Amino acid sequence: MYACICHAVTEQQVRACAGQRLGEVVSATRAGSGCGSCVRRLRSLIEQPAAPGERRAADRAA
Ligand code: FES
């Protein structure tokens with residue numbers, strides 16, 4: 001499911017950024033940089049822990 005329709009960014013892509021600041025997620029995915037209507041949803045997604053099997057972007061970078 002898309003978290004950001006303007007830039008076709010999926011919830012899974014946003015969840016991969018869990019633990020990052022919203023600005024970092026916007027820079028990485030462009031989500032939230034269009035109409036802005038998804039920002040509340042983005043905040044919610046990045047505050048949730050990643051689901052089993054999903055790796056956080058920060059974990060992948062390590
Ligand atoms: S739906 Fe995300 S910026 Fe418009």
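Here is a guided walk through this chain, from its overall layout to some individual residues.

The model is predicted, so local features are described only at a pLDDT of at least 70 and side-chain atom pairs count only at pLDDT 80 or more, while totals for chains, interfaces and linings use all residues. Residues are numbered from 1 along each chain as its sequence is written.

Let us begin with the layout. The chain has 4 helices and 2 strands; here helices (H or I, at least four residues) and strands (E, at least two) are DSSP runs, numbered from the N terminus. Starting at the N terminus, their order is β-β-α-α-α-α.

Next comes burial. A residue is called buried if 20 or more other C-beta atoms lie within 10 Å of its own, exposed if 12 or fewer, and partly exposed in between, with C-beta atoms placed from the backbone. Of the 62 residues in the chain, 24% are buried.

We also need the idea of a contact: two residues are in contact if their C-beta atoms, placed from the backbone, lie within 7 Å. Among the contacts in the chain with a separation of 6 or more, 54% are between residues 24 or more positions apart.

Now look inside. A nonpolar core is a set of buried Ala, Val, Leu, Ile, Met, Phe, Trp, Tyr and Cys residues joined through C-beta atoms within 7 Å. The largest nonpolar core has 13 residues, and those that touch the most other members are Ala3, Val14, Cys17, Val25, Ala31, Leu42 and Ile46. Two elements, β1 (2–4) and α3 (39–47), give two or more residues to this core. The largest share, 3 residues, comes from α3.

Helix α3 therefore deserves a closer look, since its residues Leu42, Leu45 and Ile46 are buried and cover an arc of only 90° around the axis, which puts them on the same side of α3. That arc is the one spanned by the directions from the helix axis to the C-beta atoms. What lies over this buried side? The cover of the buried residues of α3 includes β1, α1 (11–15) and α2 (22–29). On the face turned away from the buried side, α3 carries the exposed residues Arg40, Ser44 and Glu47.

One of the buried residues, Ile46, shows what such surroundings look like in detail. Not counting residues up to four places away in sequence, Ile46 touches Val14, Cys17, Ala18, Gly19, Gln20, Leu22 and Val25.

A short step along the chain brings us to Gln48, in the loop between α3 and α4 (57–61). Gln48 is partly exposed, because 13 other C-beta atoms lie within 10 Å. Residues up to four places away in sequence aside, Gln48 touches Arg15 and Ala18. Gln48 and Gly19 are 29 residues apart along the chain, and their C-alpha atoms are separated by 8.2 Å.

Let us turn to the strands. Cys4 sits in strand β1, and Cys4 counts as buried because 26 other C-beta atoms lie within 10 Å. Leaving aside neighbours within four places in sequence, Cys4 is in contact with Val9, Ala31, Gly32 and Cys38. The C-alpha atoms of Cys4 and Cys35 are separated by 9.4 Å, with the two residues 31 residues apart along the chain.

Strand β2 (9–10) follows the loop that holds Ala8, and Thr10 is found in this strand. Is Thr10 buried or partly exposed? Thr10 counts as partly exposed, because it has 14 C-beta neighbours inside 10 Å. Leaving aside neighbours within four places in sequence, Thr10 is in contact with Met1, Tyr2 and Ala3. Thr10 also lies 21 residues from Ala31 along the chain, with their C-alpha atoms separated by 9.0 Å.

Finally, two loop residues have a backbone angle worth noticing. Ala8, in the loop between β1 and β2, has a phi near 50°, a positive value in a residue other than glycine. Ala8 is exposed, because 12 other C-beta atoms lie within 10 Å. Arg30, in the loop between α2 and α3, is not a glycine either, yet has a positive phi of about 75°. Arg30 is partly exposed, because 14 other C-beta atoms lie within 10 Å.
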